[in-house]
Amino acid sequence: MESLVMRNLFGGIYNNKKVLVTGHTGFKGSWLSYWLTQMGADVVGYSLEAPTHPNHIGLLNLPITNVIGDIRDQNKLDETFAVHQPDIVFHLAAQPLVRLSYDEPVETFETNVIGTLKVFEACRKTSSVKAIVNITSDKCYDNKEWVWGYRENDPMGGYDPYSASKGCAELVANSYRNSYFNLKEYKKSHTVLLASCRAGNVIGGGDWAQDRLMTDIMLAVSQGRKVSIRNPKATRPWQHVLEPLSGYLMIGQKLLEERTEFADGWNFGPSDEGSVTVEEVVLNIKKHWDTIDYEINRDPNQLHEANLLKLDCSKAHILLKWKDVWDTAETFEKTVLWYKNFYNTQSVDTTADLNQYVSDAQKKNLEWTRL
Ligand SMILES: NC(=O)c1ccc[n+]([C@@H]2O[C@H](COP(=O)([O-])OP(=O)(O)OC[C@H]3O[C@@H](n4cnc5c(N)ncnc54)[C@H](O)[C@@H]3O)[C@@H](O)[C@H]2O)c1
């Protein structure tokens, strides 16, 4: 895709902006960093080393500043912010795995809650920062396992340590929005707008994190193994990683444009048909890689994992005019083909996927694609 088209997305706001991304070595952070570089942003990534091998960020080899650091290390964060003077911060670094959080609750809370607090502190000390887009999860809500979607003003909660840590991270964000980045004080005692974004399970090429369904299936099929399914009837919202990223980038745009009404919580999830069971996912993706095979292994001592979790995204649809671009079938197809190409030919289809996504969004005349 022509670089001019990319540079003009989101009102052209990211062209030549200094953007700090925490968690850039991870799945979502690598896609976000790639997209930002395509739009002309000067990206500084701050994270631990890539959590998996292989990893998407290594395969992309992006022209960005790569800082390896821990978000629990306040001095290193402060120094990085002072040196690079970012205009906007996308905070994605986290311990994001539910099952690991049962084994490592202290590290999970320290990273996801105290780490978030320290990132906000670094922002507070750095006058160049005008906008913070904080990334949590749909799991931040008090999950009642009911059929209705959660709204942005529903109570925070979380059963397992990961979900609770994301609920806590939202409370930290709310406290900072009240105490330091208060809208009534905007342009008086501070110049920072802070928003928090909650999305559900995302899929797409380049994710090798443990205990994620799509990753487990892709790894198993590439090795000629059957994949073992723990929870076949669990319903999850499935979205391509580019969908919430377009939402985060829209929010970032609005904050940089000083639109104070967007400094708030936002849900980004698929429409209803995007919520399908784990077993349906497997059957669906077999269409694109027919050697995929699975067995159901219900573990009687299974750790508690949410069965039903849906987001109500009316606020993003109506006020932000955000919409998803790909339906479930396209999402599964793009994801499976990314891995199939990677394992068969060692090629990385990220560029083709992003170009197709932007082109499909243009056809739908979505706001962020308009000149
Ligand atoms: N992938 C999903 O389906 C999903 C769903 C909902 C929310 N999220 C949220 O999106 C964000 C990104 O998730 P992901 O899937 O890309 O995860 P990931 O595991 O692929 O990446 C996590 C990133 O955080 C970094 N990190 C972890 N601990 C750190 C620390 N102490 N200091 C500095 N960096 C650290 C890792 O190095 C990596 O760059 C997370 O906040 C996650 O909770 C992800």
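**Exercise 1.** How many nonpolar, polar and charged residues does the shell around the ligand have?

*Solution.* Before counting, note that this is a predicted model, in which local features need pLDDT of at least 70 and side-chain atom pairs count only at pLDDT 80 or more, while totals for chains, interfaces and linings use all residues. Residues are numbered from 1 along each chain as its sequence is written. Begin with the shell itself: 25 residues surround the ligand, and Gly23, Gly26, Lys28, Ala93 and Ala94 are the closest (near means a C-beta atom, placed from the backbone, within 6 Å). Then sort by class, with Ala, Val, Leu, Ile, Met, Phe, Trp, Tyr, Cys and Pro as nonpolar, Asp, Glu, Lys and Arg as charged, and the others, Gly among them, as polar. The result is 12 nonpolar, 10 polar and 3 charged residues.

**Exercise 2.** Work out which strands stand at the edges of the open sheet.

*Solution.* First write down the order of the 7 strands, β3-β2-β1-β4-β5-β6-β11, whose pairing is parallel; strands are DSSP runs (E, at least two residues), as helices are (H or I, at least four), numbered from the N terminus, and two strands pair if DSSP finds at least two bridges between them. Next look at the ends: β3 (65–68) and β11 (265–268) each have a single partner strand, so one side of each is left without a neighbour in the sheet. Inside the order, β5 (residues 131–135) and β6 (residues 193–199) pair over 5 bridges, and Asn134 has Ser196 in β6 as its bridge partner.
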